[in-house]
Amino acid sequence: GINAEYGAVSIPNHIMSYSPVVTALVGSLGGLIFGYVTGIIAVAGPLIAKDFGVDPLNTFLTGFITSIILFGAVLGSFFGGVLAEKLGRKPACFISSGICLFGVVTTVFSPNLYAYMIFRFICGVGVGLVGVVCPMYVSETAPENRKGTFGVLFQLMVTLGILIADIVGFGLVGFPDQSISWRVMIGSGGCLLSLALLIVAFTIMAEPIKLTHIGSIVNAETTPLKNKRSSSPFLLLSSMKLRQTFTGLILASTLQLTGINAVMYYGPTIIVNAGLGNANLLNIGIGGWNFLATFIAIFLVERLGRKKLMLIGTCVMSLSLIVIGICMINSIATNIRAVGVAIGLFFFLGGFEAGAGCLFWVLVNEIFDKDVKESGASFCNVTQWIFNLLVSSFFQSIPNDIVFYLFGGIGVVCAVLLFFLLKEREKIEQVIE
């Protein structure tokens, strides 16, 4: 049979099949690059600022050291869909990983702060491209009955990449020469992972083929997807696509405006403010639980369905954020604050990974009709990177209790909107003769 969802058509395995190992490998390496390259800055950032003589009280410049990669990621994700559409998924993946590798290597050898900013920006372009191309490839080549699980794999590897970055950072943060320390942190994982994806894209990655359908007949053409007729991204604003576009906007808001990267990038600062003790060690605990919580989505995504799991996860993390905000009030005793924040973070990360953290990457490749799929995926990724940038830039300038109330309130609004906007994945079985 065929499965049609939100206008996307796929065909059965007896007509076309891809290696699930290669699909999993592309998704895994893309997620690891995404998680490691962005996550390592939580530990490396202060060392970079110290190495280049930046005043730690200069929150604008220290924040810019952290967030410059996000500016590049916005640009990369903007062109990710276009690159995949014009050149094909395989060349786009090769180019993306190559830019990541170049950006990481040049960042490691940055002689001054200005060079660091330029090369870290280039690295962000690569990460932004990877965040569009790899999940798109997975959505098109994963086995039909396991698309949700394979889609969640990308986020699982993002969280593993963050955890590895936390462990590497913890191991190197006490290195005597801190100028070498942060360079090894960024270069070790970033170079290996980017090179691995580059090799996979060049050798064993298969280009998805073009699909056409007339009535109930689906044809698998041998021409790659890059040769299909391009559609204008302005179609996303047409009346027929506006609901899909707005749904993508709310998905991006749920992913980023509820504060996940405030926790990931500024985890040590939050821990210190809450009075929880060894910041870098406990930050590894945050990364570890963030990784383990992803298995909630892997286990439940095909059982509960996308919409139900998304709503449950969003509600849990919204309530947890409000609890953290209450506990961050200065008048609360330190020991109570520490316990409350720890419990809040535990449930926040669990709710996030069960819902938006994992399902965003699945849904952005399912909610759009096939004629705007690439443009829609790029729009969602650009939006989430812009929101990520906003949160990362302004988090430190807003009082801790207020900012967590704000994150929680946004989560509640997003949950209500998704209840009305998000459709369950529909399966339409047809017979091919």
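Is Lys241 buried or exposed? Select Lys241 in this predicted model. Its relative accessibility is 8%, and under 20% counts as buried, so Lys241 is buried.

**Stop 1: Lys241 and Asp369**

Keep Lys241 selected and add Asp369. The two form a salt bridge, with 2.7 Å between the closest N and O atoms. Lys241 sits in the loop between strand 4 (217-224) and helix 8 (242-256), while Asp369 sits in the loop between helix 14 (356-363) and helix 15 (373-394), so this pair ties together parts that are 128 residues apart in sequence.

**Stop 2: Arg306 and Glu366**

Next, select Arg306 and Glu366. These residues also form a salt bridge, and the closest N and O atoms are 2.7 Å apart. Arg306 belongs to helix 12 (residues 306-327), and Glu366 lies in the loop between helix 14 and helix 15; the pair links distant parts of the chain, 60 residues apart. Arg306 is buried, at 3% relative accessibility. Glu366 counts as buried too, at 5%.

**Stop 3: Glu302**

Leave Arg306 on display and add Glu302. What joins the side chains of Glu302 and Arg306? They meet in a salt bridge, at 3.6 Å from N to O. Glu302 has a relative accessible area of 29%, which makes it partly exposed, whereas Arg306 is buried.

**Stop 4: a network**

Now select Arg89, Glu140, Lys373 and Glu374 together. Salt bridges link these residues in a network.

**The whole structure**

Finally, clear the selection and show the full model. How many salt bridges does a search of the whole structure find? The search finds eight, including the one between Lys241 and Asp369.

Definitions and conventions. Residues are numbered from 1 along each chain as its sequence is written. This is a predicted model: local features need pLDDT of at least 70, side-chain atom pairs count only at pLDDT 80 or more; totals for chains, interfaces and linings use all residues. Side-chain values use heavy atoms; hydrogens and water are left out. A salt bridge is a side-chain nitrogen of Lys or Arg within 4 Å of a carboxyl oxygen of Asp or Glu. Helices (H or I, at least four residues) and strands (E, at least two) are DSSP runs, numbered from the N terminus. Buried means under 20% relative accessible area, exposed over 50%, partly exposed in between (1.4 Å probe, protein chains only).
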